[in-house]
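Me: Please take one part of this predicted model and look at it closely. I would like a connected account of a single stretch and its neighbours, in plain terms.

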Amino acid sequence: MRPGVLAGLALLLAAGSTAAAQTMPTALLPGSSTLPPAINSTDPKADVAYGAYQRGYYNAAFREATKRLEKNKADAPAMTLLGELYNQGLGLRQDPAKAAEWYRLAADLGDRSAMGLLGMMAIEGRGVKKDPAAGRAWLEKAAAKGEPTASYNLALILLGTGSPDDRTRAAALLRKAAEQEIPAAQHALGILYLKGSGVEKDTMQAAQLFRRAADNGDIAGEVEFSILLFNGEGVPKDEVRAARYFRHAAFRGNAVAQNRIARLYAVGRGVPKNLVEAAAWNMAASAQGLSDAWLTQALAGLSPEERTRAERLAADRMTP
């Protein structure tokens, strides 16, 4: 083993790193959380419009929502659904302004999902005039009604103020969203517990939240959980399991995970030592702008044939 390899591995990463760029998730629309009803459902309680939407039958969703509004002009969930179809351009031409109109109608009738969606459009200036204050007001109303994604987005705003009181309130909002299985909120709350920001520092709580986020598909949470697993912080140390999480996130295109699994392959920790695999993952991470001088040195002795194999593997993994 090259001198300094173990020392380099010790810098695997510090927990709480930026595992993936934070993005504001799409708000969850109301409707069935299980398998949606079929379009031709005869169940009088079935939400056929949302069932069609969730199954990807957007034209049918539009027709069913329109029929509902013809019968009940105060059907706020139907309005929210029409707003979403226009907002995303699903089954019809994308029209953010028309989406905002439908969201506002539904929000004025008390629909919490529409409130949260309209709030984000006002903050971003999409479909409506940019107005962060008005947008935040809508998020406040939606969060007060328990809308989880609005709670998450409002928490992000509060975290950006730098105020200790706002951090404490942000943690409470994130907790509400995390309890409703919003993965980005689980990850964000995990970071607060990891750092002791807005809450008492609790690495075990952080690990549990990162694991839940990972199980819900959040790639940043997956990487953070991998880190804690590898280091044995807040959870029993398990390098093999950590490597599996890193590898899974790496195949999903996360540059940090690609870098970390490359380091593990370089020294044989959690996975069999394999310098070709290490080089391939290092190339994939480097292509995303994450270079690693330590890995470059550790892999300097690859033969031309090994480097060619690594390049082929990296090219395959970088292909969408």
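Reply:
**Helix α10 and its surroundings**

Ala184 is in contact with Tyr152 and Asp218, once its neighbours within four places in sequence are left aside. Ala184 is found in helix α10, which covers residues 183-195. The C-alpha atoms of Ala184 and Asp218 are 6.4 Å apart in space, although 34 residues separate the two in sequence. The relative accessibility of Ala184 is 10%, so the residue counts as buried, the limit being under 20%.

The model is a predicted one, and the values here are computed from it. The protein has 17 helices and 0 strands. Of its 320 residues, 47% are buried. Among contacts with a separation of 6 or more, 52% join residues 24 or more positions apart. The accessible surface is about 15300 Å², and carbon and sulfur atoms account for 52% of that area.

Start with what comes before the helix. A loop lies between α9 (164-179) and α10, and Glu181 is in that loop. The phi of Glu181 is near 65 degrees, which is a positive value in a residue that is not glycine. Glu181 has a relative accessible area of 37%; this falls between the limits of 20% and 50%, so the residue is partly exposed.

Glu181 also appears in the surroundings of Gln186, a residue of helix α10. Beyond four places in sequence, Gln186 touches Ala178, Glu181, Leu209, Arg212, Ala213 and Asn216. With Ala178 there is a polar contact as well: a polar atom of the Gln186 side chain lies 3.2 Å from the backbone oxygen of Ala178. How buried or exposed is Gln186? Its relative accessible area is 0%, which is under 20%, so Gln186 is buried.

Next come two residues of helix α11 (residues 203-215). One of them is Gln208, which has its place in that helix. Its C-alpha atom is separated by 7.9 Å from that of Gly190, while the two residues are 18 residues apart along the chain. Gln208 is partly exposed, with a relative accessible area of 40%.

Arg211 lies in α11 too. Between the C-alpha atoms of Arg211 and Gln186 the separation is 8.8 Å, and along the chain these residues are 25 residues apart. Contacts of Arg211, with neighbours within four places in sequence left aside, are to Phe225 and Arg241. Its relative accessible area is 31%, so Arg211 is classed as partly exposed, over the 20% limit for burial.

The next neighbour is helix α12, residues 219-231. Two packed helices are described by the angle between their axes and the distance between the axes. For α10 and α12, the angle is about 35 degrees and the axes are 9 Å apart. The crossing of α10 past α12 is left-handed. Which residues meet where these helices pack? On the α10 side they are His187, Ile191 and Leu194, and on the α12 side Ala220, Gly221, Glu224 and Leu228.

The last neighbour to consider is Leu159, which is found in helix α8 (residues 148-159). Not counting residues up to four places away in sequence, Leu159 touches Leu192, as well as Arg167, Ala170 and Leu174. Leu159 is 9.7 Å from Ser197, C-alpha to C-alpha, and the two are 38 residues apart in sequence. At 27% relative accessibility, Leu159 is over the 20% limit and so counts as partly exposed.

Put together, the picture is this. In α10, both Ala184 and Gln186 are buried. Glu181, in the loop between α9 and α10, is partly exposed. Gln186 has contacts that include Ala178 and Leu209, while Ala184 touches Tyr152 and Asp218. Helix α12 packs against α10 at an angle of about 35 degrees, with His187, Ile191 and Leu194 of α10 taking part.

Note on methods: Residues numbered from 1 in each chain as written. Predicted model: local features only at pLDDT ≥ 70, side-chain atom pairs only at ≥ 80, totals over all residues. Heavy atoms only, no water. Helix = DSSP H or I, 4+ residues; strand = E, 2+ residues; numbered from the N terminus. Buried < 20%, exposed > 50% of the residue type's maximum accessible area, 1.4 Å probe, protein only. Contact = heavy atoms within 4.5 Å. Areas by Shrake-Rupley, 256 points an atom, 1.4 Å probe, with all protein chains shown as cover. Axes fitted to C-alpha atoms, helices over the stretch in contact; angles between N-to-C directions. Left-handed = near helix turned anticlockwise from the far one by under 90°. Polar contact = N/O pair within 3.5 Å; in protein donor to acceptor, adjacent residues only side chain to side chain.
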